[in-house]
Amino acid sequence: GPLAGRGANRFGSGPVILVGVAILLGSLLLLLVPHLAAVLVGLIGLCAGFFAIHAAAVGTLNRSLTSGHGRANALYVLFYYGGGWLGITAAGVAYRYGGWRGAVCLAGAFLLAPAIAGVVDANAVPGLDDAVEGNRVVEEHLDFSGLNDAAHTGGCAQAGRFVAGHF
């Protein structure tokens, strides 16, 4: 939390969100490795990535408002818990039809939302004159193709098709 806040103050919330997404994505990949040490490091990374994203997002929300902070934070919490419910429900479905790899792939797909928010915010940071350059930097640090490579059994596609067809 505090480290993410200092990073957001220095570099902007967008880059901190993108770093959190990268940490979370890498940690998800570690959860696919069948070794206890990899899973433990992956779980620690999940927490670090999540709280970096969360702290930067809440900070951005509060900085962007001139009034209505209470209502905005209430809506944030509503969507936070609603999204958690939807995510855990979808993860159960993905696990049922795609196994562990399907659930991990779905979690990776959920990272698209904060990644997009991070790119949008990073491009809105004063001093970032070239949005194309900002997108290039993001693309270098976020390579989602590794997630599909790690889930070589096709569990992602199967779980994704099922979830998209039933929700």
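In the predicted model, S27 makes contact with G42, G45 and L46, once its neighbours within four places in sequence are set aside. S27 belongs to helix α2. With a relative accessibility of 5%, S27 counts as buried, because the cut-off for that class is under 20%. Two of its partners, G42 and G45, are listed among the buried residues of helix α3, and L46 is listed there as well.

Helix α2 comprises residues 13–30. Its 18 residues should span 26 Å at 1.5 Å a residue, and the C-alpha atoms at its ends are indeed 26 Å apart, so the expected and modelled lengths agree. The buried positions of α2 are S13, G14, V16, I17, L18, G20, V21, L24, L25, S27 and L28.

Two further residues of α2 illustrate its surroundings. S13, which lies in this helix, has a relative accessible area of 3% and is therefore buried. Beyond the residues up to four places away in sequence, S13 touches A8, A56, T60, R63 and D121. Of these partners, A56 is among the buried residues of α3. L18 is likewise located in α2, and its relative accessible area of 12% places it in the buried class, since that value is under 20%. The C-alpha atoms of L18 and G49 are 9.3 Å apart, although 31 residues separate the two in sequence. G49 is itself buried in α3.

Helix α3 spans residues 36–64. It contains 29 residues and reaches 42 Å from its first C-alpha to its last, close to the 42 Å expected at 1.5 Å a residue. Its buried residues are A38, G42, G45, L46, G49, A52, I53 and A56. These residues pack against three helices, namely α1 (2–11), α2 and α5 (112–123).

Other parts of α3 contribute to the surface. L43 is situated in this helix and is partly exposed, because its relative accessible area of 42% falls between the limits of 20% and 50%. Together with L36 and L40, L43 makes a nonpolar surface patch of about 310 Å². L61 is also found in α3. Apart from neighbours within four places in sequence, L61 is in contact with A72, N73 and Y76. The C-alpha atoms of L61 and Y76 are separated by 8.7 Å, the two residues being 15 apart along the chain.

Y76 also takes part in the aromatic arrangement of the model. Four aromatic pairs are present in the structure. One of them joins F50 and F51 in an edge-to-face geometry, with 4.9 Å from centre to centre and 75° between the planes. Both residues are partly exposed, F50 having a relative accessible area of 30% and F51 one of 42%. Another pair, formed by Y76 and Y80, is stacked, with a centre-to-centre distance of 6.4 Å and an angle of 25° between the planes. Because Y76 and Y80 are four residues apart in helix α4 (residues 69–110), about one helical turn separates them. In general, an α-helix has 3.6 residues a turn, so residues three or four places apart point the same way. The relative accessible area of Y76 is 25%, which makes this residue partly exposed, and Y80, at 32%, is also partly exposed. F50, F51, Y76, Y80 and Y81 form one aromatic cluster.

At the level of the whole chain, the protein has eight helices and zero strands. From the N terminus on, its elements follow the order α-α-α-α-α-α-α-α. Of the 167 residues in the chain, 32% are buried. Among contacts between residues at least 6 apart in sequence, 68% join residues at least 24 apart. The accessible surface of the chain amounts to about 10000 Å², and carbon and sulfur atoms account for 69% of that area.

Terms used
Residues numbered from 1 in each chain as written. Predicted model: local features only at pLDDT ≥ 70, side-chain atom pairs only at ≥ 80, totals over all residues. Heavy atoms only, no water. Expected span 1.5 Å × (residues − 1). Buried < 20%, exposed > 50% of the residue type's maximum accessible area, 1.4 Å probe, protein only. Patch = residues over 30% accessible without salt bridge, like charges linked within 9 Å, V, L, I, M, F, W, Y side chains within 5 Å. Areas by Shrake-Rupley, 256 points an atom, 1.4 Å probe, with all protein chains shown as cover. Salt bridge = Lys/Arg side-chain N within 4 Å of Asp/Glu carboxyl O. Phe/Tyr/Trp six-rings, centres within 6.5 Å; stacked < 30°, edge-to-face > 60°. Contact = heavy atoms within 4.5 Å.
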